[in-house]
Amino acid sequence: MRPVSAAAAALTAAIGAGAAAVAAGRYASDAALKARPGRPLPGDPRLTVHEADGDRITLTRSLAALRPGTYGLDGDGCHAIVGPVLEGQAEAADAVVRRLVRVTHGRLEPGAKVRLTPQVHIGNPRDALGLEHADVDVPGELGGLPAWFVPGGRDTWVITVHGLGTTREHPMVVMDLLHRLRLPVLDLAYRGDVGAPRQPDGLAHLGDSEWRDLDAAIRYAVRYGAERVVLHGWSTGATMALRAAAHSALRDRITGLVLDSPVLDWELTLRALAKARRTPPPLLPLAVRAAQGRTGLSGDRITEAADAAALRIPTLLVHGPDDTLAPWRRSRELAARRPDLVTLYTVPDAPHAAMWNADPKGYEETLRRFLTPLM
């Protein structure tokens, strides 16, 4: 082969390899940037139903099936609520028996493939919890944002905002408690959710632009009677809450933050999602660069929002060591730097955004104590 031909072939191969690497990076970044609300996140294990009878359900034994607490159980055409593991009830060594609270949709047939999800309830607050609510439309910069408003007798409102892989149905896990405390609740769907406007680029921004929809919800709450607001966010919803507390024109009305499994380092979360999609380790930096190039994400903006020195309001931080998508080291650091404002409630054995699920009683009591002086 002539030298010129050899050089051209090498260049062509290099360009081809580079293009393949870029394509692989884009594919890996899709795990976070194209995560559809209500759809399983990469790495969520599938379980097999062996039997569902009365108040018991038998599942294939796995670490996921053994998680403590209360979860939703999602499958094709079916949904149920399952409670704790019933020790000593399994008839086979490869099986786990859990309490079956109720089947809310469809049927749980033997052999059905299902997943545990932190999103326990489906439907709306009236159908799922018996709570009267209004369907409202929050004016956002991209268009109307659907939300549920559950009325209460106080002038402190709680605005709830879901995170990765869930919908506005997820915050219903705390609505019963908030209703008992007579706190009005505004549960928001934001850009990219069903019924809400799409992002202009069609991609999720891990809270970096979505926080402006939360800002719109704060304006809506104040317009309709809220004297004070508490922001309760899960996952990227917690990131949105931090951004709103730092930058909203109405941030003086925000008197408290509840941050559940907050994404405080988007690069670590994106790497974790890409890794769960079985992206080879050498391609993980490409996934981060691809996400940054496609969305303009900046780690500096999230770092700025989570700056301990800039925090001005009481904050309840609920997180645990078993969260592999938003490592809780960042949460511990934030709490350690601001013990005067931040209360860290640690929940073991809980995957991402499932702190309530793993410990419902402890979570709700901690939340009640935090909210009481803010009412």
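**Exercise 1. Classify Arg107 by exposure, then find its charged partner.**

Step 1. Arg107 has 65% relative accessibility and is therefore exposed. The classes are buried, under 20% relative accessible area, exposed, over 50%, and partly exposed in between, with a 1.4 Å probe and protein chains only.

Step 2. This is a predicted model, in which local features need pLDDT of at least 70 and side-chain atom pairs count only at pLDDT 80 or more, while totals for chains, interfaces and linings use all residues. Residues are numbered from 1 along each chain as its sequence is written, and side-chain values use heavy atoms, with hydrogens and water left out.

Step 3. The side chain of Arg107 forms a salt bridge with that of Glu109, at 3.4 Å from N to O. Such a bridge is a side-chain nitrogen of Lys or Arg within 4 Å of a carboxyl oxygen of Asp or Glu.

Step 4. Glu109 is partly exposed, at 37% relative accessible area.

Step 5. The count by this rule is 15 salt bridges.

**Exercise 2. Place the salt bridge between Arg191 and Glu141 in the chain.**

Step 1. The N to O distance between the two side chains is 2.7 Å.

Step 2. Arg191 sits in the loop between strand 10 (185-188) and helix 4 (211-223), and Glu141 in the loop between strand 7 (134-140) and strand 8 (143-150), so the pair ties together parts that are 50 residues apart in sequence. Helices (H or I, at least four residues) and strands (E, at least two) are DSSP runs, numbered from the N terminus.

Step 3. Arg191 is buried, with 4% relative accessibility.

**Exercise 3. Analyse helix 11, beginning with the pair Glu365 and Arg369.**

Step 1. Glu365 and Arg369 form a salt bridge, their closest N and O atoms being 2.8 Å apart.

Step 2. The two lie four residues apart in helix 11 (residues 360-371), so about one helical turn separates them. An α-helix has 3.6 residues a turn, so residues three or four places apart point the same way.

Step 3. Glu365 is partly exposed at 30% relative accessibility. Arg369 is exposed, with a relative accessible area of 59%. Elsewhere, salt bridges that share partners join Glu141, Arg191, Arg212 and Asp213 into one network.

Step 4. Now take the buried side. Gly362, Tyr363, Glu364, Thr366, Leu367, Phe370 and Leu371 are buried in helix 11.

Step 5. The buried residues of helix 11 pack against several elements, including helix 3 (175-180), strand 11 (228-234) and helix 10 (355-358).

**Exercise 4. Describe the surroundings of Asp201.**

Step 1. Asp201 lies in the loop between strand 10 and helix 4. Its relative accessibility is 34%, so Asp201 is partly exposed.

Step 2. Leaving aside neighbours within four places in sequence, Asp201 is in contact (heavy atoms within 4.5 Å) with Arg294 and Thr295.

Step 3. Asp201 and Arg294 are 93 residues apart along the chain, and their C-alpha atoms are separated by 8.5 Å.

Step 4. A polar atom of the Asp201 side chain lies 3.0 Å from the backbone nitrogen of Leu203. The Asp201 side chain also makes a polar contact with the side chain of His205, at 2.9 Å. A polar contact is a pair of N or O atoms within 3.5 Å; within protein, one must be able to donate a hydrogen and the other to accept it, and residues adjacent in sequence count only if both atoms are side-chain atoms.
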